[in-house]
Amino acid sequence: MLQFYLLLMIFASIITFLLQRKHLLISLLSLEVLVLTLSILVMLNLGQSPNYRPYLLFVLLTFGACEARLGLSLLVTMTRSFGSDTINLLTISKC
């Protein structure tokens, strides 16, 4: 039953990521929910095997931390440069 809720969270975060295209912060948060839910799902599925080695979980969490760091630096840079985190500011021509 827990895996059903985790899969539901994965689909909800994917739908949120695809539908929310206005703010960068909401997109980054949905990606973080996706990474954390996938790591919990991997931990539950691999924890049941007798040859449990948490290497895949460590790699997934490392990529999640790197993604969060890059996203936060991009968000801070956009906020300092443009004054907002809306994505439509990136497409405005500065001519």
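A residue counts as buried when its relative accessible area is under 20%, as exposed when that area is over 50%, and as partly exposed in between. The exercises below use this cut-off on a predicted model.

**Exercise 1. Decide whether S39 is buried or exposed, and find which residues it touches.**

Step 1. S39 lies in helix α2, and its relative accessible area is 6%. Step 2. Since the cut-off for a buried residue is under 20%, S39 is buried. Step 3. Once residues up to four places away in sequence are left out, S39 touches L57, L60 and L61.

**Exercise 2. Apply the reasoning to S30, and state which residues it contacts beyond its sequence neighbours.**

Step 1. S30 also has its place in helix α2, and with a relative accessibility of 6% S30 counts as buried. Step 2. If neighbours within four places in sequence are set aside, the contacts of S30 are S13, T16 and F17. Step 3. S13, T16 and F17 are among the α1 residues that make the contact with α2, and S30 is among the α2 residues that do so.

**Exercise 3. Work out how α1 and α2 are arranged relative to each other, and describe the contact they form.**

Step 1. Helix α1 covers residues 2-19 and helix α2 covers residues 24-46, and their axes come within 9 Å and cross at roughly 155°. Step 2. Because angles over 145 degrees count as roughly antiparallel, α1 is roughly antiparallel to α2. Step 3. The crossing of these two helices is left-handed. Step 4. On the α1 side the contact includes L6, I10, I14 and F17, while on the α2 side it includes I26, V33, L41 and N45. Step 5. Sorted by class, this contact of α1 with α2 comprises 15 nonpolar residues, seven polar residues and no charged residues.

**Exercise 4. Carry out the corresponding analysis for α2 and α3, and say which classes of residue meet there.**

Step 1. The axes of α2 and α3 come within 10 Å and cross at roughly 175°, and these two helices are therefore roughly antiparallel to each other. Step 2. From α2, residues including L28, E32, V35, S39 and V42 meet residues of α3 that include L57, G64, E67, G71 and L75. Step 3. The residues of this contact divide into 19 nonpolar, three polar and two charged.

**Exercise 5. Determine how the span of α2 compares with expectation, and where its buried residues pack.**

Step 1. Helix α2 has 23 residues, which at 1.5 Å a residue should span 33 Å, and the 33 Å between its end C-alpha atoms agrees with that. Step 2. The buried residues of α2 are L24, S27, L28, S30, L34, V35, T37, S39, L41 and V42. Step 3. These buried residues pack against α1 and α3.

**Exercise 6. Examine α3 in the corresponding way, then place G71 within it.**

Step 1. Helix α3, residues 55-82, has 28 residues and reaches 40 Å from its first C-alpha to its last, which is close to the 40 Å expected at 1.5 Å a residue. Step 2. Its buried residues are L57, G64, G71, L75 and M78, and they pack against α2. Step 3. An α-helix has 3.6 residues a turn, so residues three or four places apart point the same way. Step 4. G71 is found in α3 and counts as buried at 7% relative accessibility. Step 5. The C-alpha atoms of G71 and E32 are 39 residues apart along the chain and are separated by 10.0 Å. Step 6. Just after α3, G83 takes a positive phi of about 85°.

**Exercise 7. Assign R21 and H23 to their accessibility classes, and state what H23 touches.**

Step 1. R21 lies in the loop between α1 and α2, and H23 has its place in that loop as well. Step 2. With a relative accessible area of 63%, R21 is exposed, whereas H23, at 28%, is partly exposed. Step 3. From C-alpha to C-alpha, R21 and V33 are 17 Å apart in space and twelve residues apart in sequence. Step 4. H23 touches D85, T86 and I87, residues up to four places away in sequence not being counted. Step 5. The C-alpha atoms of H23 and V59, which are 36 residues apart along the chain, are separated by 28 Å.

Note on methods: Residues are numbered from 1 along each chain as its sequence is written. This is a predicted model: local features need pLDDT of at least 70, side-chain atom pairs count only at pLDDT 80 or more; totals for chains, interfaces and linings use all residues. Side-chain values use heavy atoms; hydrogens and water are left out. Axes are lines fitted to C-alpha atoms, for helices over the stretch in contact, and angles run from 0 to 180 degrees between N-to-C directions. Helices (H or I, at least four residues) and strands (E, at least two) are DSSP runs, numbered from the N terminus. Angles under 35 degrees count as roughly parallel, over 145 as roughly antiparallel, 65 to 115 as roughly perpendicular and the rest as oblique. A crossing is left-handed if the near helix is turned anticlockwise from the far one by less than a right angle, and right-handed if clockwise. Contact means heavy atoms within 4.5 Å. Ala, Val, Leu, Ile, Met, Phe, Trp, Tyr, Cys and Pro count as nonpolar, Asp, Glu, Lys and Arg as charged, and the others, Gly among them, as polar. The expected span of a helix is 1.5 Å times one less than its number of residues. Buried means under 20% relative accessible area, exposed over 50%, partly exposed in between (1.4 Å probe, protein chains only).
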